[in-house]
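User: Please go through the side-chain contacts and surface features of this entry with me, one question at a time. State the criteria as they come up.

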Amino acid sequence: MKTIDKHKAKELIIKSNGLIFSANFTKKDFTRRIINARLGVKYERKTDRKRTHSPKNEHLITVYDVINKGFRTINLNTIDSLSINKNKYLIL
């Protein structure tokens, strides 16, 4: 298991090019979550509802949860581990 920082983790997620990855992080309500997710899924809005966060926030990344079939937000400040391209990373 390799050790990386949060910036490298974000870079790996963005460069995944739609491949499924697994992340372990702490949610806003302090519960632990393991997510199998991917990038590159497009969403067509049905209402005029705004996003819950600004996309300019560098510590938040929106991904598609392939198990629960919905969009989720990962807080990169609370991410603990990442598994992508058959490589496992511990995030400090």
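User: How many aromatic pairs does the count come to?

Analyst: This is a predicted model, in which local features need pLDDT of at least 70 and side-chain atom pairs count only at pLDDT 80 or more, while totals for chains, interfaces and linings use all residues. Residues are numbered from 1 along each chain as its sequence is written, and side-chain values use heavy atoms, with hydrogens and water left out. Rings of Phe, Tyr and Trp (its six-membered ring) pair if their centres lie within 6.5 Å; planes under 30 degrees apart are stacked, over 60 edge-to-face, and the rest tilted. By this rule the count is one aromatic pair.

User: What geometry do Tyr 64 and Phe 71 form as an aromatic pair?

Analyst: Their ring centres are 5.2 Å apart. The planes make an angle of 70°, and planes over 60 degrees apart are classed as edge-to-face. The pair is therefore edge-to-face.

User: Is Tyr 64 buried or exposed?

Analyst: Buried means under 20% relative accessible area, exposed over 50%, and partly exposed in between (1.4 Å probe, protein chains only). Its ring partner Phe 71, at 31%, is partly exposed. Tyr 64 has a relative accessible area of 18%, so Tyr 64 is buried.

User: Which residue has a side chain joined to that of Arg 33 by a polar contact?

Analyst: Arg 33 lies in strand S3, residues 32-38 (strands are DSSP runs of E with at least two residues, helices runs of H or I with at least four, numbered from the N terminus), and counts as buried at 18% relative accessibility. Leaving aside residues up to four places away in sequence, Arg 33 touches several residues, among them Phe 25, Asn 68 and Arg 72 (contact means heavy atoms within 4.5 Å). A polar contact is a pair of N or O atoms within 3.5 Å; within protein, one must be able to donate a hydrogen and the other to accept it, and residues adjacent in sequence count only if both atoms are side-chain atoms. At 2.5 Å, the side chain that makes such a contact with Arg 33 is that of Asp 65.

User: How many salt bridges does the count come to?

Analyst: A salt bridge is a side-chain nitrogen of Lys or Arg within 4 Å of a carboxyl oxygen of Asp or Glu. One of these joins Lys 8 and Glu 11 at 3.6 Å, N to O. The count comes to four.

User: Which residues are linked with Glu 11 in a network of salt bridges?

Analyst: Lys 8 and Glu 11 both lie in helix H1 (residues 6-14), three residues apart, about one turn of the helix. Glu 11 also meets Lys 15 in a salt bridge of 3.5 Å, N to O. Lys 15 is exposed at 56%, whereas Lys 8 is partly exposed at 35%. The network links Glu 11 with Lys 8 and Lys 15.

User: How many residues apart are Asp 80 and Arg 32?

Analyst: Their side chains meet in a salt bridge of 2.3 Å, N to O. This pair links distant parts of the chain, with Asp 80 in strand S6 (residues 79-84) and Arg 32 in strand S3. Along the sequence they are 48 residues apart.
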